[in-house]
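Me: Hi! Could you walk me through this one?
Reply: Happy to, let's have a look together.

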Protein chains: 2
Amino acid sequence: MKDFSEKQRNIINAAIELIAEKGIQQLTIKNLSKKIGTAEGAIYRHFDSKFEILVGILKLFRQNKDEALQNLKTKEKSSLQKIESLLSARFRQFSENPAIASVIFSEEIFQNEKSLANEVYEIMVESQKGIETIILNGQSQKQIREDISAEQLTLLITGALRLLVTQWRLSEFSFDLQTEGQKLWKSIYKIVTK
Amino acid sequence: MKDFSEKQRNIINAAIELIAEKGIQQLTIKNLSKKIGTAEGAIYRHFDSKFEILVGILKLFRQNKDEALQNLKTKEKSSLQKIESLLSARFRQFSENPAIASVIFSEEIFQNEKSLANEVYEIMVESQKGIETIILNGQSQKQIREDISAEQLTLLITGALRLLVTQWRLSEFSFDLQTEGQKLWKSIYKIVTK
DNA sequence: AAATAAAGTGAGCGCTCACTCACATATTAA
DNA sequence: TTAATATGTGAGTGAGCGCTCACTTTATTT
């Protein structure tokens, strides 16, 4: 699994932005080259096919997720603090790069190709497993209520996170995501600590 | 706003199934006519354009939502019972018609066209307003906790519902949605009643 | 400075797309 | 029964798609 060159990252970022702006159906090589400011053919010096660009987007998302989870493990924090960190890091990332917010929870984009759809699902499951593990830890340390399973709490937390981001996007970023994200965290805190 | 003819409903349902199976990019007039068993041209006797078929899908979703909310108003139930009814009705609907589950929460399908994307957002907001109203009622009757706003509780409930359905779809319907839906309701019940 | 490699260019290829239209067939009205 | 209307058919149209390739330009190595 090699890393991307600078040009490749440019192309991937432009692709994410294009999808965010116009939807997957407008992610064409022509539009992509226009966005980057090169001829169409140039793209094929860096990617074998359009498919590989989509693969690249998912690879980037997977890296982000791995980094976020890895980052937490090194720190000395309580389970609740870890969850708060994860959430606020997410909201910050999306605020700084709204295009990612528009693509990362849109599984439909990759539904065209079976192998991509599967990758999307795997990333989602792994990401939630990370949160579930933190919650399980919090439960065994009696910081998080135990009358609701870690799986269910994860579903509630992740679901709300996703929906909030989706609303932010569909409303054309009409509210401050980080502010609303903090509100959400306060609610989650009340709920998980009972 | 006229109702659809039988042929039009056939076409809309086939379109939903196609999107569910192969993604929006495979919703082509050729594939659609193959699915229905007619020639391509026949479709244009019932819809002016492919765009109008997408509009039709959204119209159907809006009708479903309106009916579900209207249905509840007539019944004599507590707020908590109403929410449970809403959720279980949803899960039943999706179990019986998985294709709808695959499309209804995939907002990016309609992202291609600004007017459609807006419609999608409106339906979402209205749907949540319905739940929020029920929760507000439950709060004023002291059946639902008041230390978390109705808006936030709606976000948590709706988010979890959506995510559960999405997981069910991405896992290729690998678990029983209604069973998991009941589990979710039990968790939600514990949370909202404190 | 010359040679080699890497990156960019854009016309053009085969293909699929949404959609049209002249015609055929089925349904309803007179 | 005939006329009128609605519906179905499928080859055809121009446009746009992903992608290729002969060629040019830029960067790197000798």
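Me: What turn and shift lay chain B on chain A, and with what RMSD?
Reply: A turn of 180 degrees with a shift of 0.0 Å along the axis does it, at an RMSD of 0.0 Å (least squares on C-alpha atoms of residues with pLDDT of at least 70 in both copies). That is the relation of a two-fold axis.

Me: Thanks. Anything to know about the model and numbering?
Reply: This is a predicted model, where local features need pLDDT of at least 70, side-chain atom pairs count only at pLDDT 80 or more, and totals for chains, interfaces and linings use all residues. Residues are numbered from 1 along each chain as written, chains are lettered from A and ligands numbered from 1 in written order, and side-chain values use heavy atoms, without hydrogens and water.

Me: Which residue of chain B comes closest to the rotation axis?
Reply: Gly159(B), whose C-alpha is at 2.0 Å.

Me: On to DNA strand D. Which residues come nearest?
Reply: Of the 16 residues around the strand, Ile29(A), Lys50(A), Ala39(B), Arg45(B) and His46(B) do (near means a heavy atom within 4 Å).

Me: And what does Arg45(B) approach, base or phosphate?
Reply: A base oxygen, 2.2 Å from a polar side-chain atom of Arg45(B). For His46(B), the partner is a phosphate oxygen at 2.7 Å, and Tyr44(A) has a polar side-chain atom 2.9 Å from a phosphate oxygen.

Me: How much of the strand's side is sugar or phosphate?
Reply: Of the strand D atoms within 4 Å of the protein, 51% belong to sugar or phosphate, the rest to bases.

Notes
Polar contact = N/O pair within 3.5 Å; in protein donor to acceptor, adjacent residues only side chain to side chain.
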